[in-house]
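Student: Could you walk me through one part of this model in detail? I'd like a close look at how a pair of neighbouring helices pack against each other.

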Amino acid sequence: MQIRNGSLLSSLRAVGRKSVHGAHKAFHSGKKVADALTRLPLVELINKQLNSDSSAPSATIKTVKDERQKSTDLSTHSADVTFEGSLTAEEEQLAKELAFKRAPINWVPAAFLVATPIAAALITPWYLATHKVSAPVWLTFAAVGVWTGLSITAGYHRLMSHRAYKAHPVVRNFFLVGATLAVQGSAFDWCSGHRTHHRHVDDRMDDPYSAKRGFWFSHIGWMLRNYPSGNFDYKNIPDLTKDKVLQIQHKYYGAWVVVANVGLIGAIGWLIGDVWGTLLLAGLVRLVINHHFTFFINSLCHMVGTRPYTDTNTARDNFLLAIPTWGEGYHNYHHFFQYDYRNGVKWWQYDPTKWLIAALAKVGLASDLRTVDDTTIKHAEVNMMFKRAQNKIAKISNDEGLITDSNLSRSLQNFRDRVHFEYQLFNDTVKEWQALKAKTIQLKKEQFAERLHEADEALKDQYQMIEKRILEHNHNLKQAFKEISFKTAG
Ligand SMILES: [Zn+2]
Ligand SMILES: [Zn+2]
């Protein structure tokens with residue numbers, strides 16, 4: 001619907017443009033955004049409505065639309081401005097940013113997330129100084145810690161969010177109890193939020209724990225307030241919402257959390273003769289540690305580390321973070337190949353979750369482990385290396401690709417020539433590889449089921465040849481990097 005409108009609307013549009021311009025400036029000044037936004041004229045308009053009705057973020061946008069609609073209704077003159085009857089993208093963006101600023105506190109999670117670390121920090125030193133903690137209590141602390149940690153990584157994350165493998169119901173439910181002990185939300189909430197994170201990674205508006213909003217927000221801040229990006233509608237988890245067991249976990253989540261963390265841990269404490277010590281260490285302290293190591297994946301693992309597979313998002317590979325997170329630290333790989341049951345994909349990378357899943361498969365408790373083939377992984381790595389090499393060359397070259405600084409060493413010029421030469425060959429290899437993949441699909445379509453095996457055999461050699469060539473490009477590029485003492489990942 002198009003509405004011709006008069007001067008009132010024109011001025012409103014001007015106000016909107018001013019607001020958007022101001023907001024752009026504000027975005028760049030980080031922390032000052034909230035204050036700057038408050039001063040904007042369009043925001044005043046929104047604020048006026050918000051003060052009379054502190055409603056949800058979607059209502060904020062609706063309010064602005066209503067306000068504009070009212071203006072068009074009042075307008076009787078046609079004018080030179082054409083109005084679509086809805087907010088421009090920038091205005092919606094601005095209204096959303098304001099909704100972030102005004103997000104109400106999420107009282108229950110906020111109180112829990114603030115109180116638990118404070119309680120653990122205050123009570124634990126006193127308790128350890130005044131009580132003797134028996135070996136079984138320490139053992140329970142360690143065992144529940146492993147159970148909780150792996151239930152999040154192998155359960156909520158790789159099994160339920162990414163469907164990277166299939167698990168026997170016994171394993172699935174064992175992980176579900178462990179994940180309930182972790183108090184990180186129901187499976188519906190966790191997995192829906194996580195799939196949204198992958199889909200909109202780094203988006204300030206739609207990634208629920210966007211690292212672009214800084215360390216605090218991506219670590220814990222996103223849970224403390226009811227941000228627009230934190231409202232999940234579960235449309236992205238149809239496979240989980242039809243699961244009866246998960247429905248029960250979600251419906252009575254609060255009760256299950258108490259049963260697991262107080263009932264179950266307390267019962268174990270009673271069995272080993274120290275209820276309070278077990279509740280404190282295997283309950284509270286274990287909970288806080290597990291919380292913050294998991295949160296580090298959303299915060300630090302999007303800030304510190306290398307990007308060997310892609311630089312299209314902020315996710316990093318970080319070996320140090322893989323240690324306390326059961327292998328989840330290889331987050332750059334994970335964001336690029338999210339359906340792989342491995343995060344640390346190299347055989348030598350520390351990924352106990354991957355080892356657990358592989359072991360479960362060996363004894364028949366897990367199946368259909370999904371992996372990305374080696375050639376695809378190597379291709380991503382080599383591609384990234386070329387990208388880094390080209391960035392380096394771009395820094396020392398002019399528009400025609402010529403090295404302008406005569407002081408630059410001969411070895412750098414050689415490096416550039418070698419990278420260019422290798423890149424041509426690499427592109428040829430990739431083209432051949434793509435053609436081979438297309439041929440494979442075609443062959444599989446044409447062949448009868450019993451002859452598929454023959455077709456596979458015929459193509460196997462060609463695939464091996466491509467893999468060998470990609471490995472050669474990898475070797476040559478690494479060699480060129482070595483000669484100029486340039487790191488292969490960054
Ligand atoms: Zn991530
Ligand atoms: Zn993931």
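Tutor: Let's take the packing of α13 and α14, with some context before and after.

Keep in mind that this is a predicted model. Mean pLDDT for the protein chain comes out at 82, with 79% of its residues at 70 or more. The stretch to be wary of is residues 1-84, where pLDDT is below 50; that stretch still has 92 contacts in the model beyond near neighbours in sequence.

Now to the region itself. An unreviewed UniProt entry annotates residues 107-129, 135-156 and 252-272 as "transmembrane region". In the model, residues 252-272 are 90% helix and 0% strand, with the end C-alpha atoms 29 Å apart. For residues 107-129 the figures are 100% helix and 0% strand, and there the end C-alpha atoms sit 33 Å from each other.

Helix α13 spans residues 253-271, and α14 follows at residues 275-298. Their axes come within 8 Å and cross at roughly 135°, so the two helices are oblique to each other. As for handedness, the crossing is right-handed. On the α13 side, the contact uses Asn261, Ile265, Gly266, Ile268, Gly269 and Trp270. From α14 come Val275, Gly277, Thr278, Leu279, Ala282, Gly283 and Leu287. Sort those residues by class and you get seven nonpolar, six polar and no charged.

It's handy to set another pair beside this one: α18 (residues 374-396) and α19 (residues 410-446). Here the angle is about 145° and the axes are 10 Å apart, while the crossing is left-handed. α18 brings His379, Val382, Phe386, Ala389, Ile393 and Ile396 to the contact, and α19 answers with Leu412, Arg416, Val419, Tyr423, Phe426 and Val430. By class, that contact has ten nonpolar residues, one polar and one charged.

Note on methods: Residues are numbered from 1 along each chain as its sequence is written. Chains are lettered from A and ligands numbered from 1 in the order in which they are written. This is a predicted model: local features need pLDDT of at least 70, side-chain atom pairs count only at pLDDT 80 or more; totals for chains, interfaces and linings use all residues. UniProt positions are given in the numbering used here, feature names are shortened, and annotations may be inferred rather than shown by experiment. Helices (H or I, at least four residues) and strands (E, at least two) are DSSP runs, numbered from the N terminus. Axes are lines fitted to C-alpha atoms, for helices over the stretch in contact, and angles run from 0 to 180 degrees between N-to-C directions. Angles under 35 degrees count as roughly parallel, over 145 as roughly antiparallel, 65 to 115 as roughly perpendicular and the rest as oblique. A crossing is left-handed if the near helix is turned anticlockwise from the far one by less than a right angle, and right-handed if clockwise. Two residues are in contact if their C-beta atoms, placed from the backbone, lie within 7 Å. Ala, Val, Leu, Ile, Met, Phe, Trp, Tyr, Cys and Pro count as nonpolar, Asp, Glu, Lys and Arg as charged, and the others, Gly among them, as polar. pLDDT is the predictor's confidence in each residue, from 0 to 100.
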